[in-house]
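This report describes a sheet, one residue within it and the nonpolar cores of a single chain. The sequence and the structure are shown below.

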Amino acid sequence: MTTAAIAAVTESGISHEVVRHGPVGSVAEAAATQGVELRDLVKTLVVRRGPDDYLFVLVPGDRSISWPKLRALLGVSRLSMPDADTARAATGYERGTITPFGATTAWPVIADASVEGRTISLGAGERGVALRVPADAAVAALGGTFADVTERAVLAR
């Protein structure tokens, strides 16, 4: 079965691997199931800049968005995360499956600088499926940029 994300990454021509790993309950579990380091499992977060204005932020699994850094980069004083229904309407994907590849709108992409030069695992538009791609090629294919926009995540004990 092919998702819009798999079709889009295939069409982009970048090398990739489709990983079918089954259901997972957390980012850490997804990384373990896929056999990748937590920092290489990359969450695609949808961030709202304004009415009908979103962007994708690619965040390593062991990090979280640094709102001050992201606001400074974008030159805005306010950003927010849309609710699940709004994120789905903006991307065509439900949370946990969101990826810039094959999204209904090609929103801008900012990838955290820490993934530059690495092979990463992104959502593939369907639960239990991931795309393993070279970060540099993926960000280039998406017309994105790398920037320091995250901080170490505080892990619950």
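In this predicted model, strand E2 and strand E3 (residues 53-60) run antiparallel to each other and are joined over eight bridges; one of the bridge partners is Pro-60 in E3, which is matched with Val-42. Both strands belong to an open sheet of four strands, whose order is E2-E3-E5-E8 and whose pairing is mixed. The edges are formed by E2 (42-50) and strand E8 (145-147), each of which pairs on one side only, and from one strand to the next the twist averages 30 degrees.

Within strand E5 (residues 109-112) lies Val-109, which counts as buried because its relative accessible area of 4% falls under the 20% cut-off. Beyond the neighbours within four places in sequence, Val-109 is in contact with Phe-56, Leu-58, Pro-100, Leu-142, Gly-144 and Thr-145. For one of these residues, Gly-144, the C-alpha atom lies 4.5 Å from that of Val-109, although 35 residues separate the two in sequence.

The nonpolar residues form the following cores.

| Core | Size | Residues named |
|---|---|---|
| Largest nonpolar core | 28 residues | Most contacts inside it: Phe-56, Leu-58, Phe-101, Ile-120, Leu-122, Leu-131 and Val-133 |
| Another core, apart from the largest | ten residues | Among them Ile-65, Leu-70, Leu-79 and Ile-110 |

Two or more residues of the largest core come from each of helix H1 (4-12), E2, E3, helix H4 (84-91), E5, strand E6 (119-123), strand E7 (129-134) and helix H5 (135-141). Phe-56 and Leu-58, which are among the residues with the most contacts inside that core, are also contacts of Val-109.

Key
Residues numbered from 1 in each chain as written. Predicted model: local features only at pLDDT ≥ 70, side-chain atom pairs only at ≥ 80, totals over all residues. Heavy atoms only, no water. Pairing = 2+ DSSP bridges. Axes fitted to C-alpha atoms, helices over the stretch in contact; angles between N-to-C directions. Buried < 20%, exposed > 50% of the residue type's maximum accessible area, 1.4 Å probe, protein only. Contact = heavy atoms within 4.5 Å. Core = buried A, V, L, I, M, F, W, Y, C linked by side-chain atoms within 4.5 Å.
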